[in-house]
Amino acid sequence: MEIEKKQKAFEVALRELTGANPKLAEALKKDHIDLETLTDIEVIELFWATELFPIYADKSPHTRRAYKQDLEFVLSFVMTKTDGLKHLTVLDIHRYLFAVNEQYTPRTAQRKNNMLKRLLTYLHVNQYHLHNLGFHVKNQQRPELLRREIDFDEIERIAESFRHTVKRAKKKELMELRNETIGYLLLTTGMRAAELLSIKFTDVKRNQHTSYLEVKGKRDKWRRIPLTEKATYLVNRLQTLMMIEEVASPFIAFSTIKVNKAITYEALRLMTHQAVDYVANEEKTPPHWFRRAYITKLLANGNSLIGVMQLVGHNSINTTNGYLQSLNQLSNMTNMDLPFE
């Protein structure tokens, strides 16, 4: 009886894997996956079901979403720019690499190239292609764009400016406080955006020494993140104001559109951009941060005080030394020190 139950469970899982498509189920009945009778769409479906997400796979929603986007790009290219999966050529592969390189950053391009390489290897292993075209998929060597250096003062102003991204008049005080809390938690906890959006008020704990967050991160790993006094104050104040305004939600980054849900990643991204724009438009925020970040970077790389002073045109070495002292204070922080406390 136990064997029969397991057999039935497997058959149910197999139907889910093949979408109850008899052609897909039939393709699995040889010592290789027989793709010859399948359309391009069906080949992709079987690749998804047997290679990327087989019935025993345990992949996160984030991985599933990323794979889906990459595979959709590959399929779109194949259907619009080539004669189909079966008739792919080396020239088609190079056209694909050119298109990816033109449209995406090196890191994203590499991810999409890896998806194509994985698909091509799958087709070759299952005797759909005589040769493995995956060997012709090379990652572009275009260098990453230089990331701009941001000084601590500016990043703190950006976090504080989250409250100024609120445009609506209804419950404006509450929304400003929510956004300020979001910005300050981003600043002082080092959480990923997805982690912050999942944080609930019940995740805020306190022991005899400090308040902290219990955060569930990638691969379901839990960790504790200490909170600054201001962060604790903002969270408590937000919870109180929500009660006064009769807004019920378990999430700190609560949504006003969907009940008992957090705001979306896209909403958080737009909020961040608006905060950056707000700081950029302030008269008190000159382009001087480029210079400050440049000088700090020179000193962090071990250049001499006198050399940096001459390079940047300081009249006094004391001015240059001020940057060094700030840098030394930062490097001397203990593991228990929190930034922006």
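Select Y212 and P226: in this predicted model, Y212 of β2 stands opposite P226 in β3. Now extend the selection to residues 211-216 and 222-226, which are strands β2 and β3; five bridges pair them in the antiparallel sense. The two strands form a hairpin, with five residues between them. Within that turn, pick R219 and check its backbone: phi is positive, at about 55°.

Next, go back along the chain to residues 204-206, strand β1. β1 runs antiparallel to β2 and is joined to it by three bridges. One place to look is R206, which has S211 of β2 opposite it. Here too there is a hairpin, with four residues between β1 and β2.

Zoom out to the whole chain. Its secondary structure amounts to 14 helices and three strands. Of the 341 residues, 38% are buried. Among contacts with a separation of 6 or more, 57% are between residues 24 or more positions apart.

From the helices, select α6, residues 106-125. This helix has 20 residues, and the distance from its first C-alpha to its last is 28 Å, close to the 28 Å expected at 1.5 Å a residue. Show its side chains and colour the buried ones: P106, A109, K112, N113, M115, L116, L119, L120, Y122 and L123. Note that K112 and N113 are in that buried set.

What do the buried residues of α6 pack against? Add residues 40-52, 61-81 and 90-103 to the view: these are α3, α4 and α5, and the buried residues of α6 pack against them. After α6 comes Q127, where phi is positive, near 65°.

Keep α4 and α6 displayed and turn on a surface to find the largest pocket. Its volume is about 1,500 Å³. To centre the view, select S60, H62, R65, A194 and K218, which lie nearest the centre of the pocket among its 28 lining residues. Elements giving two or more residues to this lining are α4, α6, α9 (193-198) and α11 (265-281). Which element gives the most to the lining? That is α4, with seven residues.

Last, colour the lining of the largest pocket by residue class. The lining divides into 13 charged, eight polar and seven nonpolar residues. α6 thus appears at two stops of the tour: its buried residues pack against α3, α4 and α5, and the helix also gives two or more residues to the lining of the largest pocket.

Definitions and conventions. Residues numbered from 1 in each chain as written. Predicted model: local features only at pLDDT ≥ 70, side-chain atom pairs only at ≥ 80, totals over all residues. Heavy atoms only, no water. Pairing = 2+ DSSP bridges. Expected span 1.5 Å × (residues − 1). Buried < 20%, exposed > 50% of the residue type's maximum accessible area, 1.4 Å probe, protein only. Contact = heavy atoms within 4.5 Å. 1 Å grid on protein atoms, 1.4 Å probe; cavity = no way out; pocket = protein on both sides within 12 Å on 5 of 7 lines; lining within 4 Å. Points joined across faces, edges and corners; volume = space filled by probe spheres on them. Nonpolar A, V, L, I, M, F, W, Y, C, P; charged D, E, K, R; others polar.
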